[in-house]
Amino acid sequence: MVVIHLSAECYPLAKVGGLGDVVGALPKYQQELGVTAIVVTPYYDRKFARDNEFEVVYESEVRMGDKNLPFQVLKETTDKLGFHLHMIRIPGLLDRSEIYSYPDETEQFIAFQLAFLEWLLKFKDNPDIVHCHDHHTALVPYLMSHGFKYRFLSTIPAILTIHNGQYQGWFGWDKFHYLPETDPWTRGVLDWGGAINPLAAAVKSCWKYTTVSPSYLEELKESSKGLETLFVQEEKKGSGILNGIDTDVWNPVTDPLLTLNYSLDNVTKGKQENKRALCKEFGFTLSKPLIAFIGRLVDEKGADLLPAAIEQILSVAKSKASILVLGSGNPAIEDQLAQLKETYKKDYNVYIGYDEALSHRIYAGADFLLMPSRVEPCGLNQLYAMKYGTIPIVRSTGGLKDSVIDAAEPEGYGICFPELDVDSIVASVTRAVDLYANTSNVRLLRKRMMLLDFSWNRSANQYIDLYNSLK
Ligand SMILES: Nc1ncnc2c1ncn2[C@@H]1O[C@H](COP(=O)(O)OP(=O)(O)O[C@H]2O[C@H](CO)[C@@H](O)[C@H](O)[C@H]2O)[C@@H](O)[C@H]1O
């Protein structure tokens, strides 16, 4: 079975968040299960592209509006990532260093998708599945079903995975002329609320869509930035498959970025040594419980509540805990978090920015990981934390609800809270501080978490079952 994954991100060449992790791992696990997994991303002028060898496997031009865009499909020559990586390069559009946030992002992703389809038309044998990830690739299912030019592709099942339904890729009808000719009656498929909405178009025209957790599948029907009725209408096509973690990258036994590697057998010492290094780096006291936050500083992650919650925790808990934040995003939140450093020097620190290596050290060295998410389609951080024996403190929503059981339950291991407000965050952290005082309980919870299996094997098989159901 040949499956093509289309995505804006793929670890390690291009990662901003969890989308990159998933697309860097799922295809590898599928390949191990006998699938031929091809990943296609835009070309990024970043370290991975510069340090590795690529060959040009296809070259042509694609029409977008009134422009002919020359493009190349580059394949990484060694398949070292465990799947067949391809990047599409379009001079002037897809050859930049950043993944998002250019003013012509809409044009960039349209061009990416049109170039991909142009290449797909030339395949000797059609792939068995085209698997699109998030809105950046969501015009593909629509065009494969309704584009005149692509009618030979309409028999290939197109699947959409929604990693984050908050972002839908809207653009105005003034850009409709970028798209190739389609049946006029299908314009309604593109439209949602008067704009072209790629995510909505994909949900309407894909063969199946998946969300990255079962709970999120349900939540989209209640809250999805205007698409609620669409998710109700199309619910028969949907299924929820919880993400896994790539244990080649996220494993305390082998992780080369840790001060000391550890397994369940020596977890107490392992975490202690990693914590010692982290405390030294950020100026914390080793004996206090260390609570960390890692993630994009956006409202979706509850990051807007962090400054007030941290202030309350550090003043109310009278310095009984240390707090470390790693993240970037909303500049106002970044500023507030940076300012707190002046007041709470001893027990609080923040690194504003993106640092993959530091994130590994934090998962290993922290005692607790806080995730006060407003929306969390799956969440990978809590899965990494648990693998590293770090107790998650989570708001019960989406994938957090599906993967973390509260320690008060018989086989539980985390701290869960239902409401999202500053008081609930403070109360949960206070609970964590109390829990930390009971070392045998901490040991028990670490053991329970580290024995859980959140590897990709299970989920990769679920995707393959879904593909097979479309044959
Ligand atoms: N400043 C920083 N420095 C270093 N590393 C950082 C970082 N900020 C974030 N990360 C890393 O980025 C990843 C974030 O993953 P998530 O799944 O939590 O988030 P995201 O919201 O991006 O993904 C969306 O897609 C994924 C994948 O499906 C879903 O799990 C999720 O719920 C959904 O919102 C983790 O690997 C984390 O360690």
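Which elements cover the buried residues of helix 12? The cover includes helix 9 (267-282), strand 12, strand 13 and helix 13 (381-387). Here two residues are in contact if their C-beta atoms, placed from the backbone, lie within 7 Å. A residue is buried if 20 or more other C-beta atoms lie within 10 Å of its own, exposed if 12 or fewer, and partly exposed in between. Helices (H or I, at least four residues) and strands (E, at least two) are DSSP runs, numbered from the N terminus.

This is a predicted model: local features need pLDDT of at least 70, side-chain atom pairs count only at pLDDT 80 or more, and totals for chains, interfaces and linings use all residues. Residues are numbered from 1 along each chain as its sequence is written.

**Helix 12**

Of the 10 residues in helix 12, 7 are buried, which leaves the helix mostly covered. The buried ones are Ser359, His360, Arg361, Ile362, Tyr363, Ala364 and Gly365.

**The chain as a whole**

The protein chain holds 17 helices and 17 strands. Its radius of gyration, 23 Å, is close to the 23 Å that the globule rule gives for 471 residues, so the chain is as compact as a globular protein of that length. The radius is taken over C-alpha atoms, and the rule is 2.2 Å times the number of residues to the power 0.38. Along the principal axes, the C-alpha atoms fill a box of roughly 65 × 45 × 40 Å. Buried residues account for 49% of the 471 residues. Of the contacts between residues at least 6 apart in sequence, 69% join residues at least 24 apart.

**Two domains**

The domain assignment gives domain 1 and domain 2, with bounds that come from an automatic or database assignment. Their C-alpha centres lie 33 Å apart. The table gives the bounds of each domain and the residues it puts into the contact.

| Domain | Bounds | Residues in the contact |
|---|---|---|
| domain 1 | residues 2-244 + 457-469 | 15 residues |
| domain 2 | residues 264-453 | 11 residues |

On the side of domain 1 that touches domain 2, helix 1 and helix 7 (214-222) each supply at least two residues. Helix 7 gives the most to that side, with 4 residues. By class, the side has 4 nonpolar, 9 polar and 2 charged residues. Ala, Val, Leu, Ile, Met, Phe, Trp, Tyr, Cys and Pro count as nonpolar, Asp, Glu, Lys and Arg as charged, and the others, Gly among them, as polar.

**The ligand shell**

The ligand is surrounded by 26 residues, the closest being Gly17, Gly18, His163, Cys378 and Leu380. Two or more residues of the shell come from each of helix 1 (18-32), strand 12 (290-297), strand 13 (322-329) and helix 12 (356-365). A residue is near the ligand if its C-beta atom, placed from the backbone, lies within 6 Å of it. Helix 1 makes the largest contribution to the shell, 4 residues. The shell has 9 nonpolar, 12 polar and 5 charged residues, and at least three residues are drawn from each of domain 1 and domain 2.

**Record annotations**

UniProt, in an unreviewed entry, lists Lys15 for "binding site". Such annotations may be inferred rather than shown by experiment; positions follow the numbering used here, and feature names are shortened. Lys15 is in the loop between strand 1 (2-6) and helix 1. Lys15 counts as partly exposed because it has 19 C-beta neighbours inside 10 Å. Leaving out residues up to four places away in sequence, Lys15 touches Glu9, Gly20 and Asp21. The unreviewed entry also places the feature "domain: Starch synthase catalytic" at residues 3-230. That span is 30% helix and 25% strand, with its end C-alpha atoms 27 Å apart.
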